[in-house]
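User: Could you take a close look at one buried histidine for me and walk me through what surrounds that side chain?

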Amino acid sequence: MIYIHSAAQIATLRGASAKPKAGKEMEELGLIEDGGIVIEDGIFTFVGSSEEARRYVAEHSGNQEVTVLSAEGRTVTPGLIDPHTHIVFSGSREFELNLRLQGAKYMDILNAGGGILYTTERTREAAEEQLMAETVKRLDRFLEYGVTTVEAKSGYGLRLEDELKQLRVVRRLNASHPVDLVPTFMGAHAVPVEYKGNADAFVRTVIEDMIPAVAREELAEFCDVFCEEGAFTVNQSRDILAAGQKWGLKPKIHADELVSYGGAELAAELGAVSADHLLHVSEAGIQRMAEAGVIAVLLPGTAFFLMAQPANARAMIAAGVPVALSTDRNPGSSPTESLPFIMNLACLTMRMTPAEVLAACTINAAHAIGRAATIGSIEVGKQADLVLFDAPNYLYLQYHYAVNLVDTVFKKGEVVIQNGRRVSA
């Protein structure tokens, strides 16, 4: 039994496991002052005031050993959740920064053989063990920033054997690393060089070869596609996601990042779990997403790094679209594992409130990856993933920006980060 007491604030995010928070609900954090938490066998068994928690321990501990931890002066939140990453890859693309500073656009770099295609070449060359080693470093950094669960996409293989290789790495790391990984197949991330000028043939390969192989091996839960001008059309994206649905893969979609392209509308049409990016989403797309209950996964770090306009989070929240946030960790447009910095950017570039930001990175992010029944809030019966921040209240997390305030991280009731450092396994 673990007894945590005297927390300055606990942001429980309770009461939203059935559906994500939307509109004014995103301001409701379920705050407890001078809070206490009890954990048993990796599960929250009590959440309330410190005094109530103390009485619970006295009545229920029996002959158990009780580990007592003071959270005085700390703010406690659920473990942070990143619902959109591309973390399994090899190589890096720091050379692209100068190109962008000189005015090159995302698609200019891609069409010149850079971008996704450059990473694809490096990833195809890498053995599975090399991908494992490189990805572990990224997961360790995520953990240091309080992130206890991430979604992980394929999409840097762009051929069957390498897409499977990426997803097998995700499965192995989910079994071996403290961070939980949720797998997404994204074979339609770009048209590979061997199919240049023949995107329809590649789409057929994704539908007829890749999706069935991924599903048979049970390597993914979701299917994603880059629905964008210069990548995959709305019709191609519809065909890919519908094929994924037939094989049991729930749809997600990269939508309206570079231009308004109809991706949000397609997400609503197909009942996608989420539509992501949305920098240029139309008013009609926002309304359709709200009506269909599609979660908007916004990536302010990507807009920041690409020096682009941020998504209109305020319009989406006002329309009743549930909003989640993510790093979009990838080697080209968002090379960061700092979800707390993304939270800062959401406030400072998209004018989300600190409460909305916290909801977006916990319970709403859990909904965006199908995990809200077990994580995303501090409630009795849920998995004991939580973060102790060196902050007197949740507002301070966004006020003291661009630094790591994580003090202690629990994953499934075990301390994995202590005093800001990884605890040896």
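Analyst: Here's a tour of His 177, followed by the helix pair beside it in the description.

This is a predicted model, with local features needing pLDDT of at least 70 and side-chain atom pairs counted only at pLDDT 80 or more, while totals for chains, interfaces and linings use all residues. Numbering starts from 1 along each chain as its sequence is written, and side-chain values use heavy atoms, leaving out hydrogens and water.

His 177 sits in the loop between helix H6 (160-176) and strand S8 (180-188); helices (H or I, at least four residues) and strands (E, at least two) are DSSP runs numbered from the N terminus. With a relative accessible area of 8%, His 177 is buried, a label that means under 20%, with exposed over 50% and partly exposed in between (1.4 Å probe, protein chains only).

The His 177 side chain makes a polar contact with the side chain of Asp 140 at 2.7 Å. For that term, two N or O atoms lie within 3.5 Å; within protein, one must be able to donate a hydrogen and the other to accept it, and residues adjacent in sequence count only if both atoms are side-chain atoms. A polar atom of the His 177 side chain also lies 3.0 Å from the backbone nitrogen of Val 179. Setting aside neighbours within four places in sequence, His 177 is in contact with Val 136, Leu 139, Asp 140, Leu 143 and Arg 422 (contact: heavy atoms within 4.5 Å).

As for the helices, Val 136 and Leu 139 are among the H5 residues that meet H6, whose side of the contact includes Val 169 and Leu 173.
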